[in-house]
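Trainee: I would like to learn how to read a model like this one, feature by feature. Could you walk me through it?

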Amino acid sequence: MKAQEIIRSIEAEQLKKDLPEIYVGDTVKVGVLIQEGNKERVQPYEGVVISMQNSGINQAITVRRVFQGVGVERVFLLHSPRVANIKVLRRAKVRRAKLYYLRDRVGKATRLKQRFDRAL
């Protein structure tokens with residue numbers, strides 16, 4: 001076997017099977033494993049998916065939320081063992097692949113129109 005075939009086979013074993021369909025504009029709740037001392041717990045992180053990078057095991061989403069008046073963005077590798085679960089709360093109708101324009105908006109201007117055609 002060639003090196004790339006070996007890498008693909010190893011990556012295929014690491015891929016998660018239970019991920020929901022995620023699109024840009026979705027409001028998601030990501031359960032992140034946090035280690036405190038010798039204990040682990042799941043901390044939810046809820047926000048809007050503003051971008052996606054799709055490529056096998058390196059598939060990632062950028063989630064944005066406003067916390068105490070400050071915009072916070074986090075990038076999550078979907079197949080990472082640190083991501084416990086992902087739940088799609090609502091879908092939004094968007095016309096762009098990247099929603100970086102939300103960074104410049106404040107308050108009600110950041111709302112996205114809800115989409116009802118795809119089941120959650």
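Mentor: Gladly! Keep in mind that this is a predicted model. Let's start with a turn: in the hairpin of β1 and β2, two residues lie between the strands, and Gly 37 takes a positive phi near 70°.

Trainee: How many bridges hold the two strands of that hairpin together, and in which sense do they pair?

Mentor: Strands of a sheet pair through backbone hydrogen bonds, in either a parallel or an antiparallel way. Here β1 (residues 27–36) and β2 (residues 39–53) are antiparallel, with ten bridges between them. To find your place along the ladder, look for Val 30, whose bridge partner in β2 is Tyr 45. Remember that tyrosine; we will come back to it.

Trainee: Which strand does β1 meet through six bridges?

Mentor: That is β5 (residues 83–92), which runs antiparallel to β1. A handy marker is Thr 27, which has Arg 90 as its bridge partner in β5. Moving on from β5, you reach β6, joined to β5 by two bridges, again in the antiparallel sense. There, Ala 92 is partnered by Gln 114 of β6.

Trainee: What is the order of the strands in the whole sheet?

Mentor: Read it as β4-β3-β2-β1-β5-β6: six strands in an open sheet with antiparallel pairing. The edges are β4 and β6; each has a single partner strand, so one side of each lacks a neighbour in the sheet.

Trainee: Now for the charges. How many salt bridges does the model have?

Mentor: The count is six. One of them joins the side chains of Glu 40 and Arg 82, with N to O at 3.3 Å. Glu 40 belongs to strand β2 while Arg 82 sits in the loop between β4 (70–77) and β5, so this contact ties together parts 42 residues apart in sequence.

Trainee: Are those two side chains buried, exposed or partly exposed?

Mentor: Glu 40 is partly exposed at 46% relative accessibility, and Arg 82 is also partly exposed, at 38%.

Trainee: Which residues are linked in a network of salt bridges?

Mentor: Look at Arg 64, Glu 73 and Arg 103. Glu 73 meets Arg 64 with the closest N and O atoms 3.1 Å apart, and the side chain of Glu 73 also forms a salt bridge with Arg 103, at 2.8 Å from N to O. Glu 73 is in strand β4 and Arg 103 is in the loop between β5 and β6 (114–115), so that second contact ties together parts 30 residues apart in sequence.

Trainee: How does burial vary across the network?

Mentor: Take the residues one at a time. Arg 64 is buried, with a relative accessible area of 15%. Glu 73 counts as partly exposed at 28%, and Arg 103 is partly exposed at 41%.

Trainee: Let's turn to the rings. How many aromatic pairs does a search of the whole structure find?

Mentor: It finds one. Here our tyrosine returns: Tyr 45 and Phe 76 form an edge-to-face pair, 5.5 Å centre to centre and with 65° between the planes. The pair links distant parts of the chain, since Tyr 45 lies in strand β2 and Phe 76 in strand β4, 31 residues apart.

Trainee: Are these two rings' residues buried or exposed?

Mentor: Tyr 45 is buried at 7% relative accessibility, and Phe 76 is buried as well, with a relative accessible area of 5%.

Trainee: Which charged residues lie over the face of Tyr 45?

Mentor: For this feature, follow the ring face and look for a charge above it. Arg 65 lies over the face of Tyr 45 at 5.0 Å from the ring centre. Arg 74 also lies over the face of Tyr 45, at 5.4 Å from the ring centre.

Trainee: Finally, which residues make a nonpolar surface patch?

Mentor: Met 1, Ile 6 and Ile 10 make one of about 330 Å². Ile 10 is found in helix α1 (residues 3–14), and Ile 10 is partly exposed, with a relative accessible area of 47%.

Trainee: Let me try a recap. Tyr 45 is the bridge partner of Val 30, forms an aromatic pair with Phe 76, and has Arg 65 over its face.

Mentor: Nicely put! Add Arg 74, which also lies over that face, and you have a good picture of the residue's surroundings.

Note on methods
Residues are numbered from 1 along each chain as its sequence is written. This is a predicted model: local features need pLDDT of at least 70, side-chain atom pairs count only at pLDDT 80 or more; totals for chains, interfaces and linings use all residues. Side-chain values use heavy atoms; hydrogens and water are left out. Two strands pair if DSSP finds at least two bridges between them. Helices (H or I, at least four residues) and strands (E, at least two) are DSSP runs, numbered from the N terminus. A salt bridge is a side-chain nitrogen of Lys or Arg within 4 Å of a carboxyl oxygen of Asp or Glu. Buried means under 20% relative accessible area, exposed over 50%, partly exposed in between (1.4 Å probe, protein chains only). Rings of Phe, Tyr and Trp (its six-membered ring) pair if their centres lie within 6.5 Å; planes under 30 degrees apart count as stacked, over 60 as edge-to-face and the rest as tilted. A charge sits over a ring if NZ of Lys or CZ of Arg is within 6 Å of the ring centre and within 35 degrees of the ring normal. Patches are made of residues with over 30% relative accessible area and no salt bridge: like charges are joined within 9 Å, nonpolar side chains (Val, Leu, Ile, Met, Phe, Trp, Tyr) within 5 Å. Accessible areas come from the Shrake-Rupley method with a 1.4 Å probe; for residues, only the protein chains shown count as cover.
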